[in-house]
Amino acid sequence: MKGDRVEIVVDAGDTTRTYEVVASRAGRRVETAVRRGVVEVSEVTRNGSVVRTARFMATRVLALVEQPVPREDSSERPLREDPKV
């Protein structure tokens, strides 16, 4: 969803660097994967096409913070305490 973001903090020797991957348009999302020693963060469209990808060596990644946008779906409404049958 537009606004989803992932922050990646990477060890760069004597300092740290922070990178962000953000879903820039409506209908896009950010996906993360860790495969074979590589952390991959991708912005993906609705149909699964990858728009852009950031890759980092897993041994250098200090933090991976996923920050989803709060969604207002009907499926996430709180349940009633006293449902009437």
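## Exercises on a six-strand chain

A search of the whole structure finds one aromatic pair. The model is predicted: local features need pLDDT of at least 70, side-chain atom pairs count only at pLDDT 80 or more, and totals for chains, interfaces and linings use all residues. Residues are numbered from 1 along each chain as its sequence is written, and side-chain values use heavy atoms, with hydrogens and water left out.

**Exercise 1. Describe the aromatic pair and state which parts of the chain the pair ties together.**

Step 1. The partners are Y19 and F56, with 5.3 Å centre to centre and 40° between the planes. Rings of Phe, Tyr and Trp (its six-membered ring) pair if their centres lie within 6.5 Å; planes under 30 degrees apart count as stacked, over 60 as edge-to-face and the rest as tilted. This pair is tilted.

Step 2. Y19 lies in strand β2 and F56 in strand β5, so the pair links parts that are 37 residues apart in sequence. Strands (E, at least two residues) and helices (H or I, at least four) are DSSP runs, numbered from the N terminus.

Step 3. Buried means under 20% relative accessible area, exposed over 50%, and partly exposed in between (1.4 Å probe, protein chains only). F56 is buried at 12%, whereas Y19 is partly exposed at 35%.

**Exercise 2. Assign the strands to sheets, and give the order of the strands in each open sheet.**

Step 1. The protein chain has zero helices and six strands, and along the sequence the pattern is β-β-β-β-β-β.

Step 2. One open sheet of three strands has the order β2-β1-β6, with antiparallel pairing. Its edge strands are β2 (16–22) and β6 (61–67), each of which pairs on one side only. Neighbouring strands of this sheet are turned by 15° against each other on average, direction ignored; axes are lines fitted to C-alpha atoms, for helices over the stretch in contact, and angles run from 0 to 180 degrees between N-to-C directions.

Step 3. Two strands pair if DSSP finds at least two bridges between them. β1 (residues 5–11) and β6 pair in the antiparallel sense over six bridges, and V10 stands opposite V61 in β6.

Step 4. Another open sheet of three strands has the order β3-β4-β5, and the pairing is antiparallel. β3 (29–35) and β5 (50–57) stand at the edges with a single partner strand each, so one side of each is left without a neighbour in the sheet. The twist in this sheet averages 20° from one strand to the next.

Step 5. β3 and β4 pair in the antiparallel sense over seven bridges; V34 stands opposite V39 in β4. Two residues lie between the strands of this hairpin, where R36 takes a positive phi near 50°.

**Exercise 3. Work out the surroundings of E40 in strand β4.**

Step 1. β4 spans residues 38–44 and holds E40, which is buried with a relative accessible area of 18%.

Step 2. The bridge partner of A33 in β4 is E40. A33 lies in strand β3 and is buried at 19% relative accessibility.

Step 3. Contact means heavy atoms within 4.5 Å. Leaving aside neighbours within four places in sequence, E40 is in contact with E31, T32, A33, R35, T53, A54 and R55. With the corresponding exclusion, A33 is in contact with V38, V39 and E40.

Step 4. The side chains of E40 and R55 are joined by a polar contact of 3.0 Å. A polar contact is a pair of N or O atoms within 3.5 Å; within protein, one must be able to donate a hydrogen and the other to accept it, and residues adjacent in sequence count only if both atoms are side-chain atoms.

Step 5. A33 and R55 are 22 residues apart in sequence, and their C-alpha atoms are 9.7 Å apart in space.

**Exercise 4. Which residues make up the largest nonpolar core, and which elements give two or more of them?**

Step 1. A nonpolar core is a set of buried Ala, Val, Leu, Ile, Met, Phe, Trp, Tyr and Cys residues joined through side-chain atoms within 4.5 Å. The largest has 11 residues: V6, I8, V10, V21, A23, V30, V39, V41, A54, F56 and V61.

Step 2. β1, β4 and β5 each give two or more residues to this core, and β1 gives the most, with three.

Step 3. Not counting residues up to four places away in sequence, V61 touches I8, V9, V39 and F56.

Step 4. Of the 85 residues of the protein chain, 22% count as buried.
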